[in-house]
Amino acid sequence: MSTLHLLVQPRDGEPFRHEVQGEAAVLGRSSKADVVLADRYLSRQHARLVLREGSWFLEDLGSRNTTFLNDRPLAQPMPVRPGDVIRLAESRITVTEPGGDMPSPAVGDGLTGGTDERLPESTIFRPASELLAASVAAGESGGLAARMRLINEVHRALAAPITLEALLDLILDRVFVQLQPEEGAVFLRDEKGELKRAAIRRARGITGEPLYSRRLAQEVTEKGVAALVTDASADERFAKAESIVFSGVRSLLAAPLLDSEGCLGMVVLSAKSRLHPFQEDDLELLMALASAAAMRLRNIALAEETARRRLLDRELELARDIQMAMLPKAFPHLGGIDVSAALRPARTVGGDLYDVMADGERVWLLVGDVSGKGVGAALFMAVTKTLFRAIAPGSASVAEAASRMNRELARDNERAMFVTAFAARLDVATGELEYVNAGHNPTYRLEAAGAVAPLPGPVDPALGAVEVHEYRSTRLRLARGDAVLLYTDGVIEARSAAAEAVETLGLAAGEAAEEFHTLRLESYLKSCRGETAERIVQGLLERLDEFVGDAPQYDDVTILALRWLGPR
Amino acid sequence: MEIGEEKADGALVIAPVGRVDSVSSGELERHVVARLDAGARRVVIDMAGVEYISSAGLRVLLVAAKRLKPPVGALVLCGLGPSVRTVLELAGFTSLFTIEPARAQALARIEATSAS
């Protein structure tokens, strides 16, 4: 044979037939290829068919995505023969026999033809509801008794836990026993609502890939009707329309998988044999089976969704545990200081962080808030915390530590994540406090004498925002008994239930008035004179709870208090 | 959130309207990135219609600034209301952006930048 017959199914185009004559044919995306395939994932010249000593060979032309022959990657030129399937990226080419005897392979979803295609006149459509009522009314009478038993049996089997695969198997098992089709297939809607073949079964000796009419599938699944096509080949148009079903089908039966919420797909059976043409009774039985299966299908889909969500929840819980474990619970027993801190994430994982770290006679402090929320913020938080631990102790000043951390965080930071941070270092021997404000809320100083005021100093950009920035630090001396309070904006931006209600109703409201706000924070801090660090933190959390009421927590909340008790 | 657009003198003006928070910032980011991918190099982001911006929104502005760093491109912000300006100041970002009061000045600034 010197002519090779191909059925070409490009990813981005309509299927077509092609005959390769001559000695070779290049397959690819290029318009100069002999067989041009519309598939953006293809190489320009992807593969080649070559005639050698009377046989056709397939070889890959060093394509990006390689070439597959019958689902195996092609390592060397391999001979091809009718029935072989060549896959290039997302396109398929099937080698067929000359002429029309070879059944057309399924195009991805196992459906073919357009939705405007006309169906044979012999087609009978019956509304699903009518069929279901009929099969119930038939009861145990006449020849239907056996069929009713079958349906009961299926209902019983479906009561037990079952996987999707087992359910599809069960459906096909039963229809093969009862209706003796030559072939049966189940189509299910995917998450985009498109029908995809989920299972197929054939009687012995039946080969080839059948295609079912897209038009028929649309009728059945969108209108919720069951269809019986009898002796289809007798219909002139149908016999010619190869795409409706594979050639030679005499009889075809299709039922929607319907439940109360809609259509999940369809079951379709076909038979060539004239010995068992399908009857309208068969339609009733198939419909009854399909509706029993449909109820169960919906449950399985829900159960799978729940299982997936549960798995994700478990992963997030684990991430939360890891994240919380990164935060110090106990603080260095340094003497000379009293420290306490708390962090409450608004979601399972969050982007807030704090740290307290001893460094000889000094103590480093850090409170930060990563831009955004969720897992991305949590990962950036972990990186920030790790960098702080690695960089701070070796740094000559807080400004140097901040500049170095910024450089690391900004490197290859295409997503422009950043972390606002307040970093400080206290010399426990002298009470000298050096600090950097990288785009963060001002830290408060609670003087032993009673005054409460934000710490002065410049605000530099949040860490990670620009590649290179020289951060500026401010130094001041704490008096014995002075405390500092570091926090994130989750504190001052906490919203009351009233504010949430206002927002939900879409009414205008002074945002400041509905937030906890710095005014409430300052007034609370003034009441903290002489309190322990732990009391300061816990007291603030209590005030927040009181203010927020039933409103869901909107942002992570972090509070860190440190009091300098004087030289050790 | 609505996102307005205007093409003027070879510059693209992007004008988000509403709150740019952790929910809507994703939409603004996709919009801005799509324009940058399509080749926009001289961009004005007019914030006159923005009543609130969160840190997630600031991140979108930073993404644009990174990709439009001179001499490759030019980015000018304008129309910053008091609350937006405060958020920018608090994050220490005012020095990172070229900021003009209104769209006309912003376009003139872009013009001057590309002329030099």
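**Exercise 1. The open sheet**

Determine in what order the five strands of the open sheet of chain A are arranged, and which strands stand at the edges.

*Solution.*
Step 1. In this predicted model, five strands of chain A form an open sheet in the order S20-S29-S28-S25-S26, and their pairing is antiparallel.
Step 2. Strand S20 (337-344) and strand S26 (452-454) of chain A each have a single partner strand, so one side of each has no neighbour in the sheet; these two strands therefore stand at the edges.
Step 3. From one strand to the next, the twist averages 15°.
Step 4. Within the sheet, strand S25 (residues 444-446) of chain A pairs with strand S28 (residues 483-487) of chain A over three bridges, in the antiparallel sense. Here A:Tyr444 is opposite A:Leu485 in S28(A).

**Exercise 2. Helices on the sheet**

State which strands helix H12 of chain A touches, and which strands helix H13 of chain A touches.

*Solution.*
Step 1. Helix H12 (residues 517-526) of chain A packs on the sheet and touches S25, S26 and S28 of chain A. The direction of H12 makes about 140° with that of S26(A).
Step 2. Helix H13 (residues 533-548) of chain A also packs on the sheet, where it touches S20, S28 and strand S29 (557-564) of chain A. The direction of H13 makes about 150° with that of S29(A).

**Exercise 3. A pair of helices**

Describe how helices H7 and H8 of chain A cross, and name the residues through which they meet.

*Solution.*
Step 1. Two packed helices are described by the angle between their axes and the distance between the axes.
Step 2. The axes of helix H7 (residues 374-391) and helix H8 (residues 398-410) of chain A come within 10 Å and cross at roughly 135°. Because of this angle, H7(A) is oblique to H8(A).
Step 3. The crossing in which H7(A) passes H8(A) is right-handed.
Step 4. H7(A) contributes A:Thr384, A:Leu387, A:Phe388 and A:Ile391, which meet A:Ala401, A:Arg404, A:Met405, A:Glu408 and A:Leu409 in H8(A). Sorted by class, this contact has six nonpolar, one polar and two charged residues.

**Exercise 4. Pairing around strand S5**

Identify the strands that pair with strand S5 of chain A over four bridges and over six bridges.

*Solution.*
Step 1. Strand S3 (residues 24-28) of chain A pairs with strand S5 (residues 47-52) of chain A over four bridges, in the antiparallel sense. In this pairing A:Val26 stands opposite A:Arg48 in S5(A).
Step 2. S5(A) is joined by six bridges to strand S6 (residues 55-60) of chain A, and the two run antiparallel. A:Leu51 has A:Trp56 in S6(A) as its bridge partner.
Step 3. S5(A) and S6(A) form a hairpin with two residues between them. In the turn, A:Glu53 has a positive phi of about 45°.

**Exercise 5. One residue in its surroundings**

Decide whether A:Glu19 is buried or exposed.

*Solution.*
Step 1. A:Glu19 lies in strand S2 (residues 16-20) of chain A.
Step 2. A residue counts as exposed if 12 or fewer other C-beta atoms lie within 10 Å of its own. A:Glu19 has 11 C-beta neighbours inside 10 Å and therefore counts as exposed.
Step 3. Leaving aside residues up to four places away in sequence, A:Glu19 touches A:Thr3 and A:His5.

**Exercise 6. Chain A as a whole**

State how many helices and strands chain A has, and how many of its residues touch chain B.

*Solution.*
Step 1. Chain A has 13 helices and 29 strands. Of its 568 residues, 41% count as buried.
Step 2. The contact with chain B takes 16 residues from chain A and 15 residues from chain B. On the side of chain A, these are nine nonpolar, four polar and three charged residues.

Technical notes: Residues are numbered from 1 along each chain as its sequence is written. Chains are lettered from A and ligands numbered from 1 in the order in which they are written. This is a predicted model: local features need pLDDT of at least 70, side-chain atom pairs count only at pLDDT 80 or more; totals for chains, interfaces and linings use all residues. Axes are lines fitted to C-alpha atoms, for helices over the stretch in contact, and angles run from 0 to 180 degrees between N-to-C directions. Angles under 35 degrees count as roughly parallel, over 145 as roughly antiparallel, 65 to 115 as roughly perpendicular and the rest as oblique. A crossing is left-handed if the near helix is turned anticlockwise from the far one by less than a right angle, and right-handed if clockwise. Two residues are in contact if their C-beta atoms, placed from the backbone, lie within 7 Å. Ala, Val, Leu, Ile, Met, Phe, Trp, Tyr, Cys and Pro count as nonpolar, Asp, Glu, Lys and Arg as charged, and the others, Gly among them, as polar. A residue is buried if 20 or more other C-beta atoms lie within 10 Å of its own, exposed if 12 or fewer, and partly exposed in between; C-beta atoms are placed from the backbone. Two strands pair if DSSP finds at least two bridges between them.
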